[in-house]
Amino acid sequence: SISRDILMLSQIEKPALLRRLFNIGCSYSAQILSLTKVQGELMEKGNQLRKENKYEEALDAYQAALKADKRRTEAWNMKASTLGLLGKTDEAIECFDRSLELDFENEKTWFLKGMTLFAVNRFNEADSCFDKAVNADPHNPVYWKYKGMVLSQLNHNADALKCLDNALELNPDDEAVLVFR
């Protein structure tokens with residue numbers, strides 16, 4: 001058993017204290033597992049509500065997940081993209097920025113932030129976000145597609161075509177790229 005293994009490593013001066021410490025550690029570990037499970041359930045609930053176009057309720061679920069753990073980038077991203085769907089762009093960008101403070105290299109966050117900016121015609125800012133996404137994952141055809149689309153909106157047509165060609169090379173079946181191109 002664990003107690004025997006610990007006892008064999010070194011002399012235990014206060015076994016009652018060790019026993020209490022071990023019991024506290026075990027219960028704390030269970031709390032972490034329980035909290036993680038609750039957070040996952042809240043995220044699933046939020047995602048389901050989003051699918052049902054119940055955006056305000058989805059926001060509540062994501063906010064509850066963040067209340068349990070403010071370091072969860074997925075929750076920040078889902079809250080942000082839901083705020084974007086509600087037309088609350090500035091609040092959405094704040095949430096994406098919070099997510100990026102936690103994980104600056106997260107290309108999915110950069111992409112989602114770019115999509116939110118693209119939707120409100122903030123093309124220069126969107127372009128910067130798509131750049132970071134493409135640089136982080138140059139094998140993602142969706143990133144290249146939206147990079148090309150934003151460059152087209154900025155009238156950088158030659159560069160836009162190169163990006164769209166990259167998207168097609170990575171995913172030749174993407175009809176949206178063919179139509180847009």
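Colleague: Which residues of H5 do Thr-73, Trp-76, Asn-77, Lys-79, Ala-80, Ser-81, Leu-83 and Gly-84 in H4 meet?

Modeller: Happy to start there, keeping in mind that this is a predicted model. Contact here means heavy atoms within 4.5 Å. On that basis, the residues of H5 met by this group in H4 are Glu-91, Ala-92, Cys-95, Phe-96, Arg-98, Ser-99 and Leu-102.

Colleague: How many nonpolar, polar and charged residues does the contact of H4 with H5 have?

Modeller: Gly is put with the polar class, and Gly-84 of H4 is part of this contact. Sorted by class, the contact has 7 nonpolar, 5 polar and 3 charged residues.

Colleague: Are H4 and H5 roughly parallel or roughly antiparallel?

Modeller: The axes of H4 (residues 73-85) and H5 (residues 89-102) come within 8 Å and cross at roughly 165°. Angles over 145 degrees count as roughly antiparallel. H4 is therefore, relative to H5, roughly antiparallel.

Colleague: And is the crossing of H4 and H5 left-handed or right-handed?

Modeller: Two packed helices are described by the angle between their axes and the distance between the axes. The handedness can be added to that picture: for H4 and H5, the crossing is left-handed.

Colleague: What span should the 13 residues of H4 have, and how far apart are its end C-alpha atoms?

Modeller: The expected span is 1.5 Å times one less than the number of residues. For the 13 residues of H4 this gives 18 Å, which agrees with the distance between its end C-alpha atoms, also 18 Å.

Colleague: How many of the residues of H4 are buried?

Modeller: Buried means under 20% relative accessible area. Among the residues of H4 that qualify are Trp-76, Met-78 and Leu-83. H4 is largely enclosed by the rest of the structure, because the buried count out of its 13 residues is 10.

Colleague: Is Thr-89 buried or exposed?

Modeller: Thr-89 is found in helix H5. Leaving out residues up to four places away in sequence, Thr-89 touches Thr-116, Val-120 and Arg-122. Its relative accessible area is 11%, and the cut-off for burial is under 20%, so Thr-89 is buried.

Colleague: At what angle do H8 and H9 pack?

Modeller: The contact includes Trp-144 and Met-149 of H8 along with Cys-163 and Leu-164 of H9. H8 and H9 are roughly antiparallel to each other, and their crossing is left-handed. With the axes of H8 (residues 141-153) and H9 (residues 157-170) 8 Å apart, the packing angle is about 160°.

Terms used
Residues numbered from 1 in each chain as written. Predicted model: local features only at pLDDT ≥ 70, side-chain atom pairs only at ≥ 80, totals over all residues. Heavy atoms only, no water. Axes fitted to C-alpha atoms, helices over the stretch in contact; angles between N-to-C directions. Helix = DSSP H or I, 4+ residues; strand = E, 2+ residues; numbered from the N terminus. Parallel < 35°, antiparallel > 145°, perpendicular 65-115°, else oblique. Left-handed = near helix turned anticlockwise from the far one by under 90°. Buried < 20%, exposed > 50% of the residue type's maximum accessible area, 1.4 Å probe, protein only.
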